[in-house]
Amino acid sequence: MTSSEHPTVGGGPAGRRRPAPQPVPPAVQQTVRELVDLAPVLAELGERFAAAGYEAHLVGGSVRDALLAAGRGTPRVPGDLDVTTDARPEQTLGVLRGWAGSTWNTGIEFGTVGAEVRGVRLEITTYRADRYDRHSRNPEVAYGNSLEDDLARRDFTVNAMAVSLGPDRTVTDPFGGLGDLLAGRLRTPGPAVDSFADDPLRMLRAVRFIAQLGLTPDDEVVEAITSMAGELARITPERVQMELSKTLLQDSPRAALELFVATGLADVVLPELSALRMEIDEHHQHKDVYAHSLTVLEQAIALEQADPAAGPPDLVLRLAALLHDIGKPATRRHEPRGRVSFHHHEVVGAKLVRKRLTALRYSKEIIESVARLTFLHLRFHGYGGGEWTDSAVRRYVTDAGDLLPRLHKLVRSDCTTRNRRRAAALAATYDSLEARIREIAAKEDLARVRPDLDGNAIMRILGIPPGPDVGRAWKHLKDLRLEHGPLEPDEAEAALRAWWAANRSGA
């Protein structure tokens, strides 16, 4: 069936009939066909399969992303290509033999053969018509008899379209994916409840596609997610974490996160985020912490993107921006005159960050970085109008360590007041702190604050062997360094001897 031959698709919740896909203009179909010719490897692959008597089609996200690129006026075929075929895996390996630079069969039990041809990576999968037990997300792999069978099992219509690699370049789109992509609509090929029951991870993929592709889910998708959010318990934390991270790494994740919370998915994956939707007191003495956190995330992304020294999207910064206030619900106190306080929410928040990100199987490095940023994000507010001593500035830099550039962005993003005068004053104050840091750094190596005497010198001067006393002495000298700046060697030695006389073990 080509993209211009759309049947009416039936079977929504409660017998609701799904709207018939609208025909896609011939010019758009032609654009999709021409995309194949942008990658010589695809044309050659199609010729090899045709010569062996098999079909081969570019499918799924590869077609979707190629079409999106063409719509932006930058036509290209994605680097990693997904192809589906009626050939069985062993037959696919035969077609590739002598042509592909390398092949691998790590996914062969699912009908997938991987290949690399002149730097282009391909995944070639036999038509599938999988069945799910709906207790896990692992399907019972079953080969399909047709391309339509294969497309019907896919998650969303925008991923359920294909273009033939044969000479006719036939566009196959039985569920109206091209039309949905043009309309910015996210739908499932069949009833959404069936799709999500087969694989609950698709609900999180829906959230990601909202951020990644700018699509809007139709009512059926939203209703199905809302009623089935608890099914995510079937999915491993690693897979959940991967989808959450991919969502956060998009340019504009706010709308996706709002759906994530509104449908109850966050209650399963990240309940601390849902908990930020605290009721605002009648006198409005505190902000909507949930909306504030989403705004902080948006502002952090903007600062990140404006930084010429920034690399790829920064997951640590984005997690910290989203989660920096998750300690507030547990620390909220109603004070006199209708005021509300959140004392030590940064301490509680850092603990909650460690607990939740550990449960989601994030790496130790990410967990500790996000927790430390959460703990430090309020430190700046003690700076006042610039009253910090040089010692306090040194400690701020030292405690942040290599997270200092991220801490700068987080603290600046944390200002979401609509009072322009107050916002300008906070920005100017932080400008002042950064200037202080630069001034001190010009005189001292703040990036690597160390005691003026190392461990060997400490042992030599005090005549002691390696052990806890050396560590205690080292810490004392570092505290002096932070408090007073660099000391001359004789000053450092005198300070060490005075400390030792007062604090030696057994004294």
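I'll start with R234, which sits in the loop between α9, residues 219-228, and α10, residues 237-248. This is a predicted model, so take what follows on those terms. Is R234 buried or exposed? R234 is buried, because its relative accessible area is 18% and the cut-off for buried is under 20%. The side chain of R234 reaches the backbone oxygen of A197, at 3.1 Å.

Next, the sheet. There is an open sheet of 7 strands, and the order is β3-β4-β5-β2-β1-β8-β9, with mixed pairing. β3 and β9, the latter at 171-172, stand at the edges with a single partner strand each, so one side of each has no neighbour in the sheet. As general background, strands of a sheet pair through backbone hydrogen bonds, either parallel or antiparallel.

I'll go through the pairs from the β3 end. β3, residues 102-104, is joined to β4 by 3 bridges, and the two run antiparallel. In that pair, S102 stands opposite E116 of β4. β4 is then joined to β5, residues 120-126, by 6 bridges, again running antiparallel. T112 has T125 of β5 as its bridge partner. As for cover, β4 spans residues 112-117, and 5 of its 6 residues are buried.

β5 in turn is joined to β2 by 6 bridges, and here the strands run parallel. The bridge partner of T84 in β5 is T125. So T125 comes up twice: T112 is its partner in the β4 pairing, and T84 is its partner in the β2 pairing.

On to β1, residues 56-59. β1 pairs with β2, residues 80-85, in the antiparallel sense over 3 bridges, and L58 has V83 as its partner there. β1 also pairs with β8, residues 162-164, antiparallel and over 3 bridges. For that pairing, V59 is matched with A162.

Which residues of β1 lie on which side, and are they buried or exposed? A56 and L58 are on one side, H57 and V59 are on the other, and all of them are buried, so both faces of the strand are covered. The general point is that side chains in a regular strand alternate between the two faces of the sheet.

Two helices lie across this part of the sheet. Helix α2, residues 40-51, lies across β1, β2, β4 and β5, and runs at about 35° to β5. Helix α4, residues 89-96, lies across β2, β3, β4 and β5, and its angle to β4 is about 10°.

While we are here, helix α3, residues 61-71, is mostly covered, with 9 of its 11 residues buried. Those buried residues are G61, S62, V63, R64, A66, L67, L68, A69 and A70. Note that an arginine, R64, is on that list.

Now the backbone. Most residues other than glycine have a negative phi, and most peptide bonds are trans. Which residues go against that sign? One of them is R118, with a positive phi of about 50° although it is not a glycine. R118 is in the loop between β4 and β5, a hairpin with 2 residues between the strands. R118 is exposed, because its relative accessible area is 53%.

H344 is another case: its phi is positive, about 65°, and it is not a glycine. H344 is found in the loop between β13, residues 340-341, and α17. At 56% relative accessibility, H344 counts as exposed too.

Moving to helix α18, residues 364-376. Does its length agree or disagree with what is expected from 1.5 Å a residue? The 13 residues should span 18 Å, and the end C-alpha atoms are 18 Å apart, so the two agree. Its buried residues are I366, I367, S369, V370, A371, L373, T374 and L376. What do they pack against? They pack against α15 at 315-323, α17 at 345-359, α19 at 390-400 and α20 at 404-413. In general, an α-helix has 3.6 residues a turn, so residues three or four places apart point the same way.

Last item: K409, which lies in helix α20. K409 is buried, because its relative accessible area is 14%. Leaving aside residues up to four places away in sequence, K409 touches L303, E304, D307 and L317. The C-alpha atoms of K409 and I301 are separated by 9.0 Å, with the two residues 108 apart along the chain.

That is the end of my list.

Definitions and conventions: Residues are numbered from 1 along each chain as its sequence is written. This is a predicted model: local features need pLDDT of at least 70, side-chain atom pairs count only at pLDDT 80 or more; totals for chains, interfaces and linings use all residues. Side-chain values use heavy atoms; hydrogens and water are left out. Buried means under 20% relative accessible area, exposed over 50%, partly exposed in between (1.4 Å probe, protein chains only). Helices (H or I, at least four residues) and strands (E, at least two) are DSSP runs, numbered from the N terminus. Two strands pair if DSSP finds at least two bridges between them. A polar contact is a pair of N or O atoms within 3.5 Å; within protein, one must be able to donate a hydrogen and the other to accept it, and residues adjacent in sequence count only if both atoms are side-chain atoms. The expected span of a helix is 1.5 Å times one less than its number of residues. Contact means heavy atoms within 4.5 Å. Axes are lines fitted to C-alpha atoms, for helices over the stretch in contact, and angles run from 0 to 180 degrees between N-to-C directions.
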